[in-house]
Amino acid sequence: GNPLIDNMSTLTQGKGRSAAFQALVDLFRDNPEPSLEEAKKCAKNCLESTTKYEKISFNDIIWQNYKQQEDDLVMLVTAFDLLLRYTTNLLKPKLPNLWRTIPVTSGTFKARVDCMKGARDILKLIGYTIQTETAVKFPDEQLEPDRNRLVEVAAEILLAKMETEELINNRQLLQKYATMQSSVGFLARATPPQSTDFMQSSVGFLARATPPQSTDFMQ
């Protein structure tokens with residue numbers, strides 16, 4: 001069977017790193033802009049790992065954004081793609097002009113990045129920790145990006161993008177996810193359940209998932 005579907009490690013946060021994940025990190029470290037084919041081939045080797053996400057709360061992002069419409073997931077793929085570009089731009093030997101600031105008032109940013117709940121948290125991971133009404137920025141005292149952090153964030157964003165694409169392309173998996181959301185009143189609260197037992201019994205692919213901390217569902 002498909003290990004991605006059998007285990008749904010797609011919605012997992014873990015401790016430690018697999019050798020496959022480290023290989024993906026090293027790929028970004030050696031080449032900030034690897035070919036798409038090369039990157040996906042490397043990423044595919046760690047899709048079944050349960051220790052992929054240590055920085056990105058991928059489980060939360062899916063729960064918060066998916067309203068049982070395929071377009072919701074297409075939007076996430078687009079947002080992940082642009083967030084990956086922001087990240088890899090900062091890994092280039094020569095930083096782009098104006099790298100310290102990303103304007104947030106443009107229609108493109110609002111429609112393709114800010115529409116994703118959780119996008120601002122990823123931008124903070126990249127280094128844009130200062131938020132104003134018009135932009136997100138690196139702190140003045142930070143002279144350059146943290147490349148060691150960025151290569152790990154880039155790897156996680158790529159995996160998140162690929163696994164969201166898997167949800168789009170596998171309608172059986174997507175239907176299971178939609179059924180689970182309906183059964184927990186997802187549309188009313190957009191809050192994931194705390195109990196992994198419920199998720200395991202409802203949908204087998206969440207067998208080893210680590211749920212978000214919110215307890216609103218239980219209340």
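How many bridges join strand 1 to strand 3? Keep that in mind as you open this predicted model and start with its sheet.

**First stop: the sheet**

Select residues 135-137, which make up strand 3, and then add strand 1, at 101-103. Three bridges join these two strands, and they run antiparallel. For one of the pairings, click on isoleucine 102: its bridge partner in strand 3 is valine 136.

Now add strand 2, residues 130-131. With that, you have an open sheet of three strands in the order 1-3-2, with antiparallel pairing. Strand 1 and strand 2 stand at the edges with a single partner strand each, so one side of each has no neighbour in the sheet.

**Second stop: helix 3 and helix 8**

Time to look at charged side chains. Side chains of opposite charge can pair when their charged atoms come close. The structure holds seven salt bridges, and you can visit some of them here.

Select lysine 40 and glutamate 165, and show their side chains. They form a salt bridge, and the closest N and O atoms are 3.6 Å apart. Lysine 40 belongs to helix 3 (residues 36-44) and glutamate 165 to helix 8 (residues 147-169), so this pair ties together parts that lie 125 residues apart in sequence. If you colour by accessibility, lysine 40 counts as partly exposed, at 28%.

**Third stop: a loop and helix 8**

Stay with helix 8 and pick glutamate 152. Its side chain meets that of lysine 55 in a salt bridge, at 2.9 Å from N to O. Lysine 55 sits in the loop between helix 3 and helix 4 (58-65), so here the connection is between parts 97 residues apart in sequence. Lysine 55 is partly exposed too, with a relative accessibility of 24%.

**Last stop: helix 5**

Move to helix 5, residues 70-89, and select arginine 85 and aspartate 81. Their side chains meet in a salt bridge, 3.2 Å from N to O. Both residues lie in this helix, four residues apart, which is about one turn.

Is each of the two buried or partly exposed? Arginine 85 is partly exposed, with a relative accessible area of 48%. Aspartate 81 has a relative accessible area of 19% and is buried, because buried means under 20%.

Before you leave, add Lys161 to the selection. Asp81, Arg85 and Lys161 are joined into one network by salt bridges that share partners.

Key. Residues numbered from 1 in each chain as written. Predicted model: local features only at pLDDT ≥ 70, side-chain atom pairs only at ≥ 80, totals over all residues. Heavy atoms only, no water. Pairing = 2+ DSSP bridges. Salt bridge = Lys/Arg side-chain N within 4 Å of Asp/Glu carboxyl O. Buried < 20%, exposed > 50% of the residue type's maximum accessible area, 1.4 Å probe, protein only.
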